[in-house]
Amino acid sequence: MRPFVSSHRPTAWLDRWGGILPLLLAEFIVWLGFGALLPVLPLYFTDQGVELAMLGIVIAAWPAARLVGEPVFGWLADRTARVPLMVIGLVATGLFSILPLAFTGPLAFVLLRAGAGLSTALYDPAARGYLTDATPPERRGEAFGLYSAVQMGGLLLGPAIGAFGARWFGGIAFVFVFCGIASWLAAIPIALRAKETEVRTHPAPAPDATEFPPEAPSTTGRAAAAVTADTAADRAAVTDPDAPRRLWNRGLIAALVINAGGYFAGGTYEVIWSLFLTHLGASIELVGLTFAMFGLPVLLLSPYAGRLVDRRGSRAFIVIGSILPAVMGLAYTRMTDPTLAVPLIMVEATGIAMLNPALYAVVAANSPLGRSSTAQGLFGAAGTVGFIVASLIAGVLAQTDIIFPMYVFAAVLTLTLVLGLAIGGHRLNGRVAPRGSASV
């Protein structure tokens with residue numbers, strides 16, 4: 001019997017996740033481009049004459065545009081077809097990825113980064129809302145774990161492709177072109193194979209969305225409790241008394257606060273990480289390796305972490321996933337050998353592998369029916385606020401001492417975790433329990 005089960009495992013996986021496979025493939029491809037570009041972006045800008053303080057403004061232009069765009073485009077995605085929004089966003093992202101080669105200088109970089117930010121803001125809330133609505137609640141942690149894993153798979157391979165291509169095909173220009181082409185290629189599986197979810201106000205996934213094989217009765221009961229509508233007409237059918245009836249609720253607000261702290265760390269890294277390592281004597285190959293190694297634990301662990309989130313709730317994983325990056329941020333300040341960044345960043349990435357699916361599950365569980373893309377847009381916007389503030393602060397602090405931004409992001413990450421836990425309470429579990437079951 002064991003070989004028989006094994007031989008059918010790929011088919012069972014496709015039966016379960018086939019509906020979201022085009023989205024997962026697109027994320028992998030687009031993150032190949034991002035993975036190639038991220039290590040060289042601040043180095044390219046500084047080589048083009050952008051000073052360190054101005055670098056923070058250039059980097060911040062991307063999240064600033066997302067801050068404006070994500071809530072608006074998330075609202076739009078809940079009220080129109082999502083597939084065209086995703087395709088247009090990816091095509092525009094590819095264009096704005098290449099244009100910095102043709103238009104240089106601080107002002108041009110700010111405008112082009114803002115255009116790239118708006119483009120990704122058009123794509124991301126629609127994609128995450130699509131994933132939420134196409135996945136039953138008892139599988140959302142695992143689904144977002146897969147989503148994070150394919151992103152990090154691209155981040156893992158992207159730097160190697162970028163380094164090889166830059167060496168053999170025209171230097172740093174190759175990386176920008178590769179990133180643009182990757183975004184255009186990512187649009188293809190979305191355009192050709194992604195199926196629209198039919199009705200946002202219906203609790204079940206659309207017929208063309210992910211199909212799931214029969215589950216145990218206990219699982220079916222959890223799903224029924226989680227997916228009943230949150231409108232007045234359906235309240236008689238609600239089996240979870242804590243189901244969200246409004247967009248602004250404690251669970252979602254707590255997730256926004258914690259996400260802002262996590263992205264504060266991301267904004268800090270994008271401005272100073274490559275400069276920090278080269279300051280310690282690292283080569284550009286070692287800088288790229290650290291980005292790749294960040295992706296490895298997330299790739300390997302996120303799906304498993306997502307399954308655990310589905311079974312045990314999100315709160316413990318949010319705590320561990322926030323503490324590990326904060327501790328590693330302090331550890332970086334004690335480094336004298338840049339090669340130590342490789343093992344340290346893998347520990348940090350292990351925390352991110354737990355944090356991402358846990359937070360996504362909280363947002364999904366605390367999104368009123370029909371508002372999933374709007375909630376995802378707000379979630380992304382909160383992270384963007386943290387990213388912008390960090391981008392602006394990191395460059396200024398780094399002019400005094402390159403390690404100061406690390407202290408600040410560790411403190412901010414810890415503070416937002418504490419605030420999020422205080423605000424969210426039991427809502428941070430990210431699970432919906434049927435009536436009569438133990439609260440988790």
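**Entry 1: secondary structure and overall numbers**

I looked up the secondary structure and found 16 helices and zero strands. Helices (H or I, at least four residues) and strands (E, at least two) are DSSP runs, numbered from the N terminus. The model is predicted, so I note the limits: local features need pLDDT of at least 70, side-chain atom pairs count only at pLDDT 80 or more, and totals for chains, interfaces and linings use all residues. Residues are numbered from 1 along each chain as its sequence is written, and side-chain values use heavy atoms, with hydrogens and water left out.

Next I checked burial. Of the 440 residues, 56% count as buried. Buried means under 20% relative accessible area, exposed over 50%, and partly exposed in between (1.4 Å probe, protein chains only).

I then looked at contacts, meaning heavy atoms within 4.5 Å. Among contacts between residues at least 6 apart in sequence, 86% join residues at least 24 apart.

The protein exposes about 17,800 Å². Carbon and sulfur atoms supply 69% of that area. Accessible areas come from the Shrake-Rupley method with a 1.4 Å probe; for residues, only the protein chains shown count as cover.

**Entry 2: helix α6**

I picked α6 (82–98) for a closer look. Does its length fit or clash with 1.5 Å a residue? Its 17 residues should span 24 Å, and its end C-alpha atoms are 25 Å apart, which agrees. The expected span is 1.5 Å times one less than the number of residues.

I listed its buried residues: Arg82, Val83, Leu85, Met86, Val87, Gly89, Leu90, Thr93, Gly94 and Ser97. What covers them includes α3 (21–37), α5 (52–77), α7 (106–133), α9 and α15 (372–400).

I followed Met86 further. Leaving out residues up to four places away in sequence, Met86 touches Leu23, Tyr123, Ala126, Ala127, Tyr130 and Ile190. The largest nonpolar core has 115 residues, and Met86 is one of those that touch the most other members. The others on that list are Phe45, Ile190, Trp273, Phe276, Ile318 and Tyr332. A nonpolar core is a set of buried Ala, Val, Leu, Ile, Met, Phe, Trp, Tyr and Cys residues joined through side-chain atoms within 4.5 Å.

**Entry 3: a nonpolar patch on the surface**

Val91 also lies in α6. I asked myself: why does Val91 count as partly exposed? Its relative accessible area is 40%.

Val91 belongs to a nonpolar surface patch of about 680 Å², together with Leu95, Val177, Ile181, Trp184, Leu185, Ile188 and Leu192. The elements giving two or more residues to the patch are α6 and α9 (172–193). Helix α9 gives the most, with six residues. Patches are made of residues with over 30% relative accessible area and no salt bridge; like charges are joined within 9 Å, nonpolar side chains (Val, Leu, Ile, Met, Phe, Trp, Tyr) within 5 Å.

**Entry 4: salt bridges**

I counted salt bridges, each a side-chain nitrogen of Lys or Arg within 4 Å of a carboxyl oxygen of Asp or Glu. The count comes to seven.

Arg66 and Asp124 meet in one of them, at 2.8 Å, N to O. This pair links distant parts of the chain: Arg66 is in helix α5, Asp124 in helix α7, and they are 58 residues apart. Arg66 counts as buried at 6% relative accessibility. Asp124 is buried too, at 15%.

Glu70 and Arg128 form another salt bridge, at 3.2 Å, N to O. Glu70 lies in α5 and Arg128 in α7, so this pair ties together parts that are 58 residues apart in sequence. Both Glu70 and Arg128 are buried.

Arg82 pairs with Asp78, their closest N and O atoms being 2.8 Å apart. Arg82 is buried at 0% relative accessibility, and Asp78 is buried at 8%. Salt bridges that share partners join Arg66, Glu70, Asp124 and Arg128 into one network.

**Entry 5: two spots further along the chain**

I found Met354 in helix α14 (residues 341–365). Not counting residues up to four places away in sequence, Met354 touches Ala305, Phe317, Ile320 and Gly321. The C-alpha atoms of Met354 and Ser314 are separated by 8.9 Å, with their positions 40 residues apart along the chain.

Val408 sits in helix α16 (residues 404–424). Val408 counts as partly exposed at 27% relative accessibility. Leaving aside neighbours within four places in sequence, Val408 is in contact with Phe264 and Leu397. Val408 and Ala265 are 143 residues apart in sequence and 8.9 Å apart in space, C-alpha to C-alpha.
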